[in-house]
Amino acid sequence: MDELEGFQRRHLRSLAHPLRPVVMIGKEGLTEAVLAKTDRELVAHELIKVRFLDWKDEKREILAQMAEKLLAELVGVVGHVGILFRQNREPKKRRIRVPARPRSPVATSGGSGR
């Protein structure tokens with residue numbers, strides 16, 4: 001998948017809103033166990049939240065490392081929670097549809113409509 005565009009990130013953030021974090025980054029930071037857990041969750045759900053209990057000042061760098069190592073996309077960061085997305089390699093197993101292009105704005109006629 002190519003790098004996500006802004007409207008695609010916005011769509012994924014809206015889908016992630018009701019989700020609960022499934023991966024926690026604690027005092028140990030980014031470990032192989034955390035990466036393995038994140039990989040499993042991305043396979044199962046495609047779109048996940050990662051909560052930072054510690055390492056909060058380095059969250060953007062850690063999330064970028066996670067995305068790079070796991071071939072995922074960093075969708076966004078809200079507070080101490082990051083959102084990661086990785087589309088399933090098998091089209092039949094994909095749960096999330098990423099829009100191809102933004103919806104076109106509603107055409108407005110310049111007249112009064114009468």
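This report walks through helix H3, the strands after it, and a few residues picked out along the way. Keep in mind that what you are looking at is a predicted model.

**Helix H3**

Let's start with helix H3, residues 59-70. How far apart should its ends be? At 1.5 Å a residue, its twelve residues should span 16 Å, and the end C-alpha atoms are indeed 16 Å apart, so the two values agree.

Now, which residues of H3 are buried? They are Lys59, Ile62, Leu63, Met66, Ala67 and Leu70. If you look down the axis of H3, these buried residues fall within an arc of 135°, so they line one face of the helix. There is a simple rule behind this kind of pattern: an α-helix has 3.6 residues a turn, so residues three or four places apart point the same way. Turn to the other side of H3 and you'll find Arg60, Glu68 and Lys69, which are exposed.

What do the buried residues of H3 pack against? Their partners are helix H2 (32-45) along with four strands: S1 (23-25), S2 (47-52), S3 (73-78) and S4 (81-85).

**Positive phi angles**

Next, a look at the backbone. Most residues other than glycine have a negative phi. Here are two non-glycine residues where phi is positive, plus a glycine.

| Residue | Phi | Where |
|---|---|---|
| Glu46 | near 70° | loop between H2 and S2 |
| Leu71 | about 55° | loop between H3 and S3 |
| Gly79 | near 65° | hairpin of S3 and S4 |

Are Glu46 and Leu71 buried or exposed? Glu46 has a relative accessibility of 1%, so it counts as buried, the cut-off being under 20%. Leu71, which comes just after H3, is exposed, with a relative accessible area of 63%.

**The S3 and S4 hairpin**

Moving along the chain, S3 and S4 run antiparallel and are joined by five bridges. One bridge to look for starts at Leu74, whose partner in S4 is Leu84. Two residues sit between the strands of this hairpin.

**Arg9 in helix H1**

Finally, jump back to helix H1 (residues 6-16), where you'll find Arg9. This arginine is buried, with a relative accessible area of 17%. What does Arg9 touch, once its neighbours within four places in sequence are left aside? The contacts are Glu3, Leu4, Glu73, Leu74 and Val75. Leu74 should ring a bell: it is the residue bridged to Leu84 in S4.

Terms used: Residues numbered from 1 in each chain as written. Predicted model: local features only at pLDDT ≥ 70, side-chain atom pairs only at ≥ 80, totals over all residues. Heavy atoms only, no water. Expected span 1.5 Å × (residues − 1). Buried < 20%, exposed > 50% of the residue type's maximum accessible area, 1.4 Å probe, protein only. Arc of directions from axis to C-beta. Contact = heavy atoms within 4.5 Å. Pairing = 2+ DSSP bridges.
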